[in-house]
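Here is a friendly walk through one protein model. Have the sequence and the coordinates open as you read, and follow the residues as they come up.

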Amino acid sequence: ILEFSSINSMKTCLTSGIGITICPEISIQKEIRNNDLVKLRWNIKDAKTSVLMIWHAQKWCSPLLNQFLKISEKLMSD
C-alpha cells in the first residue's frame with residue numbers, strides 16, 4: 001500500500017503502471033479522456049473510505065468555507 005499527499009504523484013505512478021486506486025473521477029478525467037488511465041467497473045457494495053479535512057485554526061476562514069465545514073461535519077456524523 002502506498003499513500004500519497006499529492007494527486008499528481010499518484011497519477012504519475014498510475015500512468016506508469018504502478019497499482020490501482022480509488023479516487024474521485026473528476027481528479028483523473030483528463031487522463032481517462034486521453035486513455036492514459038482506465039476506469040474499472042467494479043460492483044463494490046461495502047467499500048469504505050476516509051475523509052480528511054485540515055485547516056489552520058488560527059487562520060481566517062471565509063463564511064462560505066465555514067458553512068462548508070459545518071455542512072460536511074453534519075453529513076459525516078449522520
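About 540 Å³ of space lies in the second largest pocket of this predicted model. Its lining comprises 15 residues, and those nearest the centre are Thr21, Ile28, Val38, Lys39 and Leu40. By type, the lining of this second largest pocket splits into nine nonpolar, two polar and four charged residues.

The largest pocket has a volume of about 720 Å³. Of its 24 lining residues, Phe4, Met10, Thr21, Ile22 and Cys23 are the closest to the centre. Here the lining divides into 15 nonpolar, seven polar and two charged residues.

The two pockets can be set next to each other:

| Pocket | Volume | Closest to the centre |
|---|---|---|
| Largest | about 720 Å³ | Phe4, Met10, Thr21, Ile22 and Cys23 |
| Second largest | about 540 Å³ | Thr21, Ile28, Val38, Lys39 and Leu40 |

Thr21 is named for the largest pocket and again for the second largest, so it is a good residue to click on while you compare the two.Now to the surface. Ile20, Ile22, Val38, Leu40, Trp42 and Ile44 make up a nonpolar patch there, with about 700 Å² of accessible area together. One of these, Leu40, sits in the loop between helix 2 (29–33) and helix 3 (63–77). Leu40 is partly exposed, at a relative accessible area of 45%. Leu40 is also among the residues nearest the centre of the second largest pocket.

Next come the charged side chains. How many salt bridges does the structure hold? There are two salt bridges. Side chains of opposite charge can pair when their charged atoms come close.

One salt bridge joins the side chains of Lys39 and Glu25, at 3.1 Å from N to O. This pair links distant parts of the chain, with Lys39 in the loop between helix 2 and helix 3 and Glu25 in the loop between helix 1 and helix 2, 14 residues apart. Lys39 counts as partly exposed at 39% relative accessibility, and Glu25 counts as partly exposed at 40%. Lys39 is another of the residues that lie nearest the centre of the second largest pocket.

The side chains of Lys11 and Glu31 also meet in a salt bridge, at 3.3 Å from N to O. Lys11 belongs to helix 1 (residues 7–15) and Glu31 to helix 2, so this pair ties together parts that are 20 residues apart in sequence. Are these two partners buried or exposed? Lys11 counts as buried because its relative accessibility is 14%, under the 20% cut-off. Glu31 is buried too, with a relative accessible area of 13%.

Terms used. Residues are numbered from 1 along each chain as its sequence is written. This is a predicted model: local features need pLDDT of at least 70, side-chain atom pairs count only at pLDDT 80 or more; totals for chains, interfaces and linings use all residues. Side-chain values use heavy atoms; hydrogens and water are left out. Patches are made of residues with over 30% relative accessible area and no salt bridge: like charges are joined within 9 Å, nonpolar side chains (Val, Leu, Ile, Met, Phe, Trp, Tyr) within 5 Å. Accessible areas come from the Shrake-Rupley method with a 1.4 Å probe; for residues, only the protein chains shown count as cover. A salt bridge is a side-chain nitrogen of Lys or Arg within 4 Å of a carboxyl oxygen of Asp or Glu. Helices (H or I, at least four residues) and strands (E, at least two) are DSSP runs, numbered from the N terminus. Buried means under 20% relative accessible area, exposed over 50%, partly exposed in between (1.4 Å probe, protein chains only). On a 1 Å grid over the protein atoms alone, a cavity is a set of points where a 1.4 Å probe fits but cannot get out, and a pocket is an open set with protein on both sides within 12 Å along at least five of seven lines; lining residues have an atom within 4 Å of a point. Grid points are joined across faces, edges and corners, and a volume is the space filled by probe spheres set on the points. Ala, Val, Leu, Ile, Met, Phe, Trp, Tyr, Cys and Pro count as nonpolar, Asp, Glu, Lys and Arg as charged, and the others, Gly among them, as polar.
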